[in-house]
Amino acid sequence: MKRIESSSLILEARGPATVNRFPQTRQTLIQQIVASREAPGWKTFLDDYWGPVVRFAIRTGNLKTQDAEDITAEAFKILVSADLLSRWLKDRRSRLSTMLCVVVRNLISNRARVQSGREKIMEEIIPVLAAENEERQTDSTEDSFYEAWVEELLQTTLKQLQQDSLSQGRVNAFRVFYGKSLEGLSNPEMAQYLNLKVTDVENYYKRTRGQFTDRLRATVEEHVRRYGYRDNFAEEVELEWQTLGEYLKSHGDLESVFRQFSTETDEIRFQERKSKADLLQQLTSVDDRKTPQHD
């Protein structure tokens, strides 16, 4: 069976570069959240980061999905109650993903004290973040977070492609792409199951795979547009696209990455809609009182 070469997602090399393993976040969106705490900004933020944070919590703490969602919701609440987003705006030496990793790790290690000692936990997070800022280096934690983000990115893109295919009557084309990429079926097997010619299967796959890549690229561009640095938009898109391609290549190919998706995916998808809706209401109606500022 012909393999999908993930190297096709890598742009021409332009010399060595220091690559951020997780997309940076544009200041304007966080400023909007800090300043107004309005629902649209928080909804966008949750849509982009909920899935990766849940996956990260599951793997870091070996948690069940429900427990990981509880930790994730608590982490976002702490961003508000401990005024961490404002602190991050004032000192951006660390990436936003680093701050999220620190908060989640701290919550996991103090799960028994979350309800009774939230203030104490928040006090402990600040020096940990300061230490992370001083080190400013990528570690296995950042790699794990990036892996969770890539899974969410690919799953979201696949879902969007499925919806487009169904609405446009390209059902068999999507079935071919799904069967070959996620189920590992061969061209003859797909042809037999769908009562198609092998050449039709090959053409369906090639066309749909191209559509997936185009949509994946568009999704990366939208993420950079929303969270990147506006002055270097094109450069950031190229860097993030190259980083993604290198990640896929290091894991074999696109098919291999799809098949490595963990079994928690379906359960996360099932629960996240209600969990995010409940959290969004809390975040946008939370009391304005915050922990005291520290210079």
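Asn195 sits out in the open: with 72% relative accessibility, this residue counts as exposed in the predicted model, since anything over 50% falls in that class. Asn195 belongs to the loop that links helix 9 (187-194) to helix 10. The backbone here does something worth a look, as Asn195 has a positive phi of about 60° without being a glycine.

Asp83 makes a good partner for comparison. Its phi is positive too, near 55°, and Asp83 is again a residue other than glycine. This one is found in the loop between helix 3 and helix 4. Is Asp83 buried or exposed? Its relative accessibility is 5%, so Asp83 counts as buried, the limit for that label being under 20%. Two further positive phi values turn up right after helices: Asn62, which follows helix 2, has a phi near 55°, and Gly252, just after helix 11, has one of about 110°.

Now for the overall picture. The chain holds 13 helices and zero strands, so to read the elements from the N terminus is simply to read α over and over. Of its 295 residues, 48% count as buried. The accessible surface adds up to about 15000 Å², and carbon and sulfur atoms own 47% of that. Contacts also reach across the sequence: among those with a separation of 6 or more, 77% join residues 24 or more positions apart.

What holds the inside together can be followed through the nonpolar cores. In soluble globular proteins, nonpolar side chains tend to be buried together. In this chain, the largest nonpolar core has 39 residues, and Phe45 and Phe76 have the most contacts inside it. Six helices each supply at least two residues to this core: helix 1 (27-36), helix 2 (39-61), helix 3 (65-81), helix 4 (84-90), helix 5 (96-109) and helix 13 (264-283). Which helix gives the most? That is helix 2, with 10 residues. Setting aside neighbours within four places in sequence, Phe45 is in contact with Ile30, Ile33, Trp50, Phe76, Leu79, Leu96 and Tyr227. There is also a second, separate core of 30 residues, with Leu158, Leu196, Phe212 and Leu248 among its members.

Helix 2 has a bend to show as well. A kink of about 40° lies at Tyr49, shortly before the proline Pro52. Helix 11 (residues 233-250) can be checked for length: its 18 residues reach 26 Å from the first C-alpha to the last, close to the 26 Å expected at 1.5 Å a residue. Plenty of helix 11 is tucked away, with buried residues that include Glu236, Val237, Glu240, Trp241 and Leu248.

Charged side chains add another set of links. The whole structure contains eight salt bridges. One of them pairs Glu151 with Arg55, their closest N and O atoms being 2.9 Å apart. Because Glu151 lies in helix 7 and Arg55 in helix 2, this pair ties together parts that are 96 residues apart in sequence. Both Glu151 and Arg55 are buried. Arg55 also meets Glu152 in a salt bridge, with an N to O distance of 3.3 Å. Here too helix 7 is tied to helix 2, so the link spans parts 97 residues apart in sequence. Glu152 is buried, just as Arg55 is.

A salt bridge can also stay within one helix. Glu221 and Arg217 form one, and their closest N and O atoms are 3.1 Å apart. These two residues are four apart in helix 10 (residues 198-227), so about one helical turn separates them. Glu221 has a relative accessible area of 24% and is therefore partly exposed. Elsewhere, salt bridges that share partners join Arg55, Arg59, Glu147, Glu151 and Glu152 into one network.

Helix 7 (residues 140-167) has one more residue to visit, namely Gln160. With 25% relative accessibility, Gln160 counts as partly exposed. Which residues does Gln160 touch, not counting those up to four places away in sequence? They are Arg215 and Thr219. Gln160 and Arg215 are 55 residues apart along the chain, and their C-alpha atoms are separated by 8.3 Å.

Note on methods:
Residues are numbered from 1 along each chain as its sequence is written. This is a predicted model: local features need pLDDT of at least 70, side-chain atom pairs count only at pLDDT 80 or more; totals for chains, interfaces and linings use all residues. Side-chain values use heavy atoms; hydrogens and water are left out. Buried means under 20% relative accessible area, exposed over 50%, partly exposed in between (1.4 Å probe, protein chains only). Contact means heavy atoms within 4.5 Å. Accessible areas come from the Shrake-Rupley method with a 1.4 Å probe; for residues, only the protein chains shown count as cover. A nonpolar core is a set of buried Ala, Val, Leu, Ile, Met, Phe, Trp, Tyr and Cys residues joined through side-chain atoms within 4.5 Å. A salt bridge is a side-chain nitrogen of Lys or Arg within 4 Å of a carboxyl oxygen of Asp or Glu. The expected span of a helix is 1.5 Å times one less than its number of residues. The bend at a residue is the angle between axes fitted to the seven residues ending there and the seven starting there.
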